[in-house]
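Dear colleague,

Please find below the sequence and the structure that I am handing over to you. My notes on what was found follow directly after.

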Amino acid sequence: MKNNKDVVVSLQGVSKRYGDVTAVETLSLDVRRGELLCLLGPSGCGKTTTLRMVAGFVEPSEGAVVIDGRDMTREPPYRRDTGMVFQNYALFPHMTTAQNIAFGLENLKWPKADREKRVQEMLTLVELAHLSDRLPAQLSGGQQQRVALARALAMRPAVLLLDEPFSNLDAQLRVRMREELRDVIRKVEITTIFVTHDQEEALMLSGSHLRHEQGKARAGRHTSGHL
Ligand SMILES: Nc1ncnc2c1ncn2[C@@H]1O[C@H](COP(=O)(O)OP(=O)(O)OP(=O)(O)O)[C@@H](O)[C@H]1O
């Protein structure tokens, strides 16, 4: 039997409607601690909306979003203990690599020395220590993606959320970045939800731990299990 303490994210009958459009319909799923869940499906099937409901950027029309056992359905993003990497990275253009990574830490009541130490740890993790003073415009796409990942992980969130993070990269770099991301996720052992429309990407990232959510995101229509 599943131990509920192991469930980090639980979507319970979650729907989202925009007027006549139903983006997500009564979706229920659990993500356990340390699990990497790929949401895989064609454009428009509701993957991004699902991820945004977990992050708190979109409020469900129905259902509940439970994170670490607490009902977060009506809570704002900053209270949810999630870190998100967006398709376009959403880095602050006027801030250096180190400043971007430090951004979320400013709101924590950590001593300055601890914050600086954490930024250094993150720079090392994503191998960007030598580029810590560069602005995003002076970085390659892959490097920007790594800054976004480091920023999302810096606050030690319970859940890492990734929305097609490689979509702006060329094919060769995409493959390399997938491997890097998989290594980083393994190293920090973080619970992760990854959105993609690319089956190869989903398979490569989740390996033997693929839980496959394909087609329209609806309860009863998604298959779940390990491939
Ligand atoms: N703010 C919005 N207002 C109205 N309709 C929306 C809004 N956001 C999403 N939708 C609709 O909801 C459906 C699901 O969108 P969503 O972005 O979640 O899909 P997706 O699977 O992530 O697609 P993609 O892979 O293209 O990003 C689509 O039909 C979309 O047009």
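Strand β1 pairs with strand β4 (residues 62-67) in the antiparallel sense, over 5 bridges. Within this pairing, Q12 has A64 of β4 as its bridge partner. Please bear in mind throughout that this is a predicted model.

On its other pairing, β1 (residues 7-18) runs antiparallel to strand β2 (residues 21-32), and 8 bridges join the two. One position to look at here is R17, which stands opposite T22 in β2. The two strands β1 and β2 form a hairpin with 2 residues between them. In that turn, G19 has a positive phi of about 55°.

Taken together, these pairings belong to an open sheet of 4 strands, in the order β2-β1-β4-β5, with antiparallel pairing. The edges are held by β2 and β5 (70-71); each has a single partner strand, so one side of each is left without a neighbour in the sheet. When you view the strands, it may help to recall that in a regular strand the side chains alternate between the two faces of the sheet.

I turn next to helix α5, which comprises residues 171-188. Does its length agree with what its residue count predicts, and what are the two values? At 1.5 Å a residue, the 18 residues of α5 should span 26 Å, and the end C-alpha atoms are 26 Å apart, which agrees. The buried residues of this helix are R178, L181 and I185. Seen down the axis of α5, these buried residues fall within an arc of 70°, so they line one face of the helix. This can be read alongside a general rule: an α-helix has 3.6 residues a turn, so residues three or four places apart point the same way.

The partners of that buried side are several: the buried residues of α5 pack against β3 (36-40), α4 (141-154), β8 (191-196) and α6 (199-206). On the face of α5 turned away from its buried side are the exposed residues Q172, R176, E179, D183, R186 and K187. Just after the helix, E189 takes a positive phi of about 50°.

Two further residues have a positive phi although neither is a glycine. For D81, the angle is about 60°, and the residue lies in the loop between β5 and β6 (82-85). D81 has 16 C-beta neighbours inside 10 Å and therefore counts as partly exposed. For E164, phi is about 40°, and its place is in the loop between β7 (159-163) and α5. E164 also counts as partly exposed, because it has 19 C-beta neighbours inside 10 Å, whereas a buried residue would need 20 or more.

Finally, some figures for the protein as a whole. It has 6 helices and 9 strands. Of its 227 residues, 38% count as buried. Among the contacts with a separation of 6 or more, 69% are accounted for by residues 24 or more positions apart.

With kind regards

Terms used:
Residues numbered from 1 in each chain as written. Predicted model: local features only at pLDDT ≥ 70, side-chain atom pairs only at ≥ 80, totals over all residues. Expected span 1.5 Å × (residues − 1). Buried ≥ 20, exposed ≤ 12 C-beta atoms within 10 Å, placed from the backbone. Arc of directions from axis to C-beta. Contact = placed C-beta atoms within 7 Å. Pairing = 2+ DSSP bridges.
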